[in-house]
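Hi,

Here is the structure I said I would pass on. Have a look at it first, then read my notes underneath.

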Amino acid sequence: MIGGIGADAAQGVCSRAACNEPAAWRVDWQNPRIHTGDRWKTWLACDEHVDYLRGFLEARSFPVRVARFETAPDAAAGAGA
């Protein structure tokens, strides 16, 4: 089972079901039958699951882009400094 980006995006957790590892990759994809134009979905992946998630999507002939996942700087980290 594969999860979506959902609530785990803020923490940068892998989207593979039952995986709680930090994300190192973002896997952007489209289902051409339902995603039109510039609408892309995003899954996050750890190093162990990036190839699995990419392969899962490519096996369905979905367009896939994979790039390093970079978390946004924590705005709270600079507060009070």
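Ala18 counts as exposed, because its relative accessibility is 84% and the cut-off for exposed is over 50%. Keep in mind that this is a predicted model. You'll find Ala18 in the segment before strand 1. Its backbone caught my eye too: phi of Ala18 is near 70°, a positive value in a residue other than glycine. Most residues other than glycine have a negative phi.

Ser61 is another one to click on. Its phi is near 60°, again positive in a residue that isn't glycine. Ser61 sits in the loop between helix 1 and strand 3, and with a relative accessible area of 61% it is exposed.

Now for the inside. Which residues make up the largest nonpolar core? There are eight of them: Val27, Trp29, Trp43, Ala45, Val50, Leu53, Leu57 and Phe62. Strand 1 (25-29), strand 2 (41-45) and helix 1 (50-58) are the elements that each give two or more residues to this core. Helix 1 gives the most, with three residues.

Try looking at helix 1 next. Its residues Val50, Leu53 and Leu57 are buried. They lie on the same side of helix 1, because they cover an arc of only 75° around the axis. And what covers the buried residues of helix 1? The cover includes strand 1, strand 2 and strand 3 (64-68).

Shout if you get stuck finding any of this!

Cheers

Definitions and conventions: Residues numbered from 1 in each chain as written. Predicted model: local features only at pLDDT ≥ 70, side-chain atom pairs only at ≥ 80, totals over all residues. Heavy atoms only, no water. Core = buried A, V, L, I, M, F, W, Y, C linked by side-chain atoms within 4.5 Å. Buried < 20%, exposed > 50% of the residue type's maximum accessible area, 1.4 Å probe, protein only. Helix = DSSP H or I, 4+ residues; strand = E, 2+ residues; numbered from the N terminus. Arc of directions from axis to C-beta. Contact = heavy atoms within 4.5 Å.
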